[in-house]
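Subject: Structure handover, with notes on salt bridges and a small sheet

Dear colleague,

I am passing on the structure below, together with some notes on what was found in it. Please read them with the coordinates open beside you.

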Amino acid sequence: MVKKNFDVLIIGGGMVGLSIAHQLKIRNLYSNIAIIEKESEIGLHSSGRNSGVLHAGIYYEPNSLKAKVCVSGSQRLKEWVTYHKLNINKCGKIIVPQAYELDDQIDNLLKRGISNGAKVEVIDQKTLTSIIPEASSATGRALWSPETSVVNPKEVIKKLESILREWGVNFFLEESNWKLNLNKREILLKDSSHINYGNCINCSGLNADITAKKFGVGKEYKMIPFKGIYWNLKKESNLKIKTNLYPVPDINMPFLGVHFTPNCNPYNEVTIGPTATPALGRENYYGIENFEPINTIKNLSFMSRQYLENKNGIRKYVNEQMFLSIPYLFLKSAQKLIPSLKKEDIYPSKKVGIRPQLCNLINGKIEKDFICKEGPSSIHILNAISPAFTASFSFADLIIDNYLINKK
């Protein structure tokens, strides 16, 4: 039996977990750090499958955790990516109202963006057309965010992992069935090694609620997975979209709607999506693989109750977004932004993501902000959804400053 002692043990090798390790090292707070990852390599789930958009901080309610870390986090990550000579597309973002009654949301988003420190402005149809000639605004107005960029998420994660390994951070891969001894602050690995920790940080994304409950934390929460399906714009299409194009979102829901994203590869492939359809399991990327029948029934039952009571505006989400995995409905949604888009212009992407959306089982609330909970010698990041990737460095510092510094 081998015993290993670590000051900080991070569960989950996604962007948030890696960023916390990075900031702990950069700030010389702890030197003995380990990361446990259930897969054979990092980046196989949410962090490696997101769109790569570095958000500018427009959507989030002022003074929320998201608002506090998005703008600075985005700037820091852009500087880090540039320093390490990774791919980045500084293409900006346009948000358009796809219906006349949504026009006032442009003003609401403008106020939020300014309050959060984002660089954002309202533009007219002429300016919109000069940036994306094919784009449509129902009212002739749009919101322009010049600071939005796009990176390759897998490239970012792999570089971050490489740096952490060089700095001596320990990685334990393929550890999906570790056992916890809470009293001893000890985790048993598959090879019977015992890992003792001073502080444990739960960054396990899709499984964060399950991990938290092992520590006796977050019993009122449940993760409901939503599948994000993408399509690609064909290279031979006459449509040449060089800027992110988003619809005005329903700010009462945590989904942004189908949008166009030019990636950061040299050939500027454009993805369209994602959908936000309830998944059949936490890792149900394709077909019925990793189908979780009992959880799926429970999740759909929860959502049905929300629909009947119309809590959190979920009825509007169901009516507008739940069925966008159907190609015809997906195309119709995308055409609200680019009316000239035809089915011949697009093809299904191999990229599929799962959004781990946290829900409160007691009050039925669909949580929109990051949620951090303390447990016995542990911290639990329970709702690390967008813009967690964007804000990762600043979010990591917030977690360190609020939950680790005062214990050191």
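Lysine 158 is partly exposed, its relative accessible area being 36%. Please keep in mind throughout that this is a predicted model. The partner of lysine 158 is glutamate 41, with which it forms a salt bridge whose closest N and O atoms are 3.2 Å apart. Because lysine 158 lies in helix H6 (residues 153–166) and glutamate 41 in the loop between S2 and H2, this pair ties together parts that are 117 residues apart in sequence. Glutamate 41 also counts as partly exposed, at 36% relative accessibility.

The loop that holds glutamate 41, between S2 and H2, also contains lysine 38, and that residue takes part in a salt bridge with glutamate 283, where the closest N and O atoms are 2.7 Å apart. Glutamate 283 sits in the loop between strand S17 (277–278) and helix H8 (293–309), while lysine 38 follows strand S2 (33–36) and precedes helix H2 (46–49), so the contact joins parts that are 245 residues apart in sequence. In accessibility, glutamate 283 counts as buried at 17%, whereas lysine 38 counts as partly exposed at 28%.

A further pair is formed by glutamate 147 and lysine 78, whose side chains meet in a salt bridge at 3.4 Å, N to O. The two residues link distant parts of the chain, 69 residues apart, with glutamate 147 in the loop between strand S7 (141–145) and strand S8 (149–151) and lysine 78 in helix H3 (residues 65–83). Here lysine 78 is the buried partner, at 8% relative accessibility, and glutamate 147 is partly exposed, at 30%.

The pairs described so far are among the 12 salt bridges found in a search of the whole structure. Beyond them, Arg27, Arg76, Asp397 and Asp401 are linked in a network of salt bridges, which may be worth displaying as a group.

Strand S8, which bounds the loop of glutamate 147, also belongs to an open sheet of 3 strands, with the order S3-S8-S4 and antiparallel pairing. Strand S3 (53–54) and strand S4 (88–89) are the edge strands, each pairing on one side only. Between S3 and S8, which run antiparallel, there are 2 bridges, and valine 53 stands opposite valine 150 in S8.

With best regards

Key. Residues are numbered from 1 along each chain as its sequence is written. This is a predicted model: local features need pLDDT of at least 70, side-chain atom pairs count only at pLDDT 80 or more; totals for chains, interfaces and linings use all residues. Side-chain values use heavy atoms; hydrogens and water are left out. A salt bridge is a side-chain nitrogen of Lys or Arg within 4 Å of a carboxyl oxygen of Asp or Glu. Helices (H or I, at least four residues) and strands (E, at least two) are DSSP runs, numbered from the N terminus. Buried means under 20% relative accessible area, exposed over 50%, partly exposed in between (1.4 Å probe, protein chains only). Two strands pair if DSSP finds at least two bridges between them.
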